[in-house]
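Reader: I am new to this structure and would like a close look at one part of it. Please take that part slowly and then follow the chain outward from there.

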Amino acid sequence: MPDIKLYGVTVSAFVAKVRIVLDMKGLAYEELTPPDGYGSPTYRTIVPAGSVPGVVIDGRPVSDSNAIIELLEALAPEPRLMPEDPFKAAKVRSLLGFHDTRVEAAARTLFPVIKSDWRANSGPIDTGIAGIEAALERLDTMVAPSPFILGKTPCFADLAYPVTLQMAEIMAAEMEREITVPDRINTWRIETAKLDSVARSLIIARNAMEGWMASFRV
Ligand SMILES: N[C@@H](CCC(=O)N[C@@H](CS)C(=O)NCC(=O)O)C(=O)O
């Protein structure tokens, strides 16, 4: 078994993606917060990119969630979360990219809004939610889960989205709004949330979000 340290913050959907994969593969690891915070000079002596998630595996640092999960797949191939077929693998990678650059990116626009006086200025909330809904509508045309994206067994792309969707919904609810999630996407995320590893990270992320948001309540 490799010695694995996962550096992260519990509100991060990128960190959740890596934690879910570690849990799916039954790998033992220690989860740590970056000393002095991510981006700090101290953390950068451990993980030079300074971003979270970062892992140190047998003393070797690796950053970027997608690079990390592909490394984990190579080190611990079971259960297989990346298909062998190159076209299917490309589909999984494109959905990981869509998650990172569209859905998560749209969801994170709500972070500064929550810190602002959103009751007095609701425009940024509506813009943020419209962006999230537009990304989810696009996603709905890209996948046909049954129950998972590639069929009976989950792949990386199934595991990346549930925490991000929950994060967006929690922030929207805090600002007295709802996000309309396409029916198929909602059914898929409910199926995916039944996986123990996903369920665990959903709870961790929910608790972290609640704690974070409480600090902005007046
Ligand atoms: N592409 C990166 C994005 C991760 C990311 O944006 N992490 C944020 C926290 S949620 C971060 O570390 N920001 C500070 C930085 O990038 O220096 C990944 O997939 O790991």
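In which sense do S3 and strand S4 pair, and over how many bridges?

Author: This is a predicted model. In it, S3 and strand S4 (residues 60-63) pair in the antiparallel sense, and four bridges connect them. One of the facing pairs puts isoleucine 57 opposite arginine 60 in S4. The two strands form a hairpin with two residues between them. Aspartate 58, in that turn, has a positive phi of about 50 degrees.

Strand S3 (residues 54-57) has a second partner. Strand S1 (residues 4-7) is joined to S3 by four bridges, and these two strands also run antiparallel. Here isoleucine 4 stands opposite isoleucine 57 in S3. Isoleucine 57 therefore faces isoleucine 4 in one pairing and arginine 60 in the other, where "therefore" rests on how pairing is defined, by bridges between strands.

In a regular strand the side chains alternate between the two faces of the sheet. In S3, Gly54 and Val56 point one way, while Val55 and Ile57 point the other way. All four of these residues are buried, and the cut-off for that word is a relative accessible area under 20%.

Beyond S4 comes aspartate 64, in the loop between S4 and H3. Its phi is near 80 degrees, a positive value in a residue other than glycine. Aspartate 64 counts as partly exposed because its relative accessibility is 44%.

Aspartate 64 also leads to the ligand. An N or O atom in its side chain is 3.1 Å from a nitrogen atom of the ligand. Another nitrogen contact comes from valine 52, with a backbone N or O atom 2.8 Å from a nitrogen atom of the ligand. Serine 65 places a polar side-chain atom 2.6 Å from an oxygen atom of the ligand. On its own the ligand has 500 Å² of accessible area, and the protein covers 69% of that. The residues around the ligand are Ser12, Phe14, Tyr38, Ser51, Val52, Pro53, Asp64, Ser65 and Arg108. Sorted by class, this shell has four nonpolar, three polar and two charged residues.

Further along the chain there are two cis peptide bonds to point out. One joins glutamate 78 and proline 79, with omega about -15 degrees. Proline 79 lies in the loop between helix H3 (65-75) and helix H4 (86-108). The other runs from serine 146 to proline 147, with omega near -15 degrees. Proline 147 belongs to the loop between helix H6 (123-142) and H7.

Helix H7 (residues 156-174) has 17 of its 19 residues buried, so the rest of the structure largely encloses it. Glutamate 176 follows, in the loop between H7 and H8. Its phi is positive, about 60 degrees, although it is not a glycine. Glutamate 176 counts as exposed because its relative accessibility is 55%.

The last stop is arginine 189, in helix H8 (residues 183-193). Arginine 189 has a relative accessible area of 14%, so it is buried. Leaving out residues up to four places away in sequence, arginine 189 touches Leu165, Gln166 and Glu169.

Note on methods: Residues numbered from 1 in each chain as written. Predicted model: local features only at pLDDT ≥ 70, side-chain atom pairs only at ≥ 80, totals over all residues. Heavy atoms only, no water. Near = heavy atom within 4 Å. Polar contact = N/O pair within 3.5 Å; in protein donor to acceptor, adjacent residues only side chain to side chain. Areas by Shrake-Rupley, 256 points an atom, 1.4 Å probe, with all protein chains shown as cover. Nonpolar A, V, L, I, M, F, W, Y, C, P; charged D, E, K, R; others polar. Buried < 20%, exposed > 50% of the residue type's maximum accessible area, 1.4 Å probe, protein only. Contact = heavy atoms within 4.5 Å.
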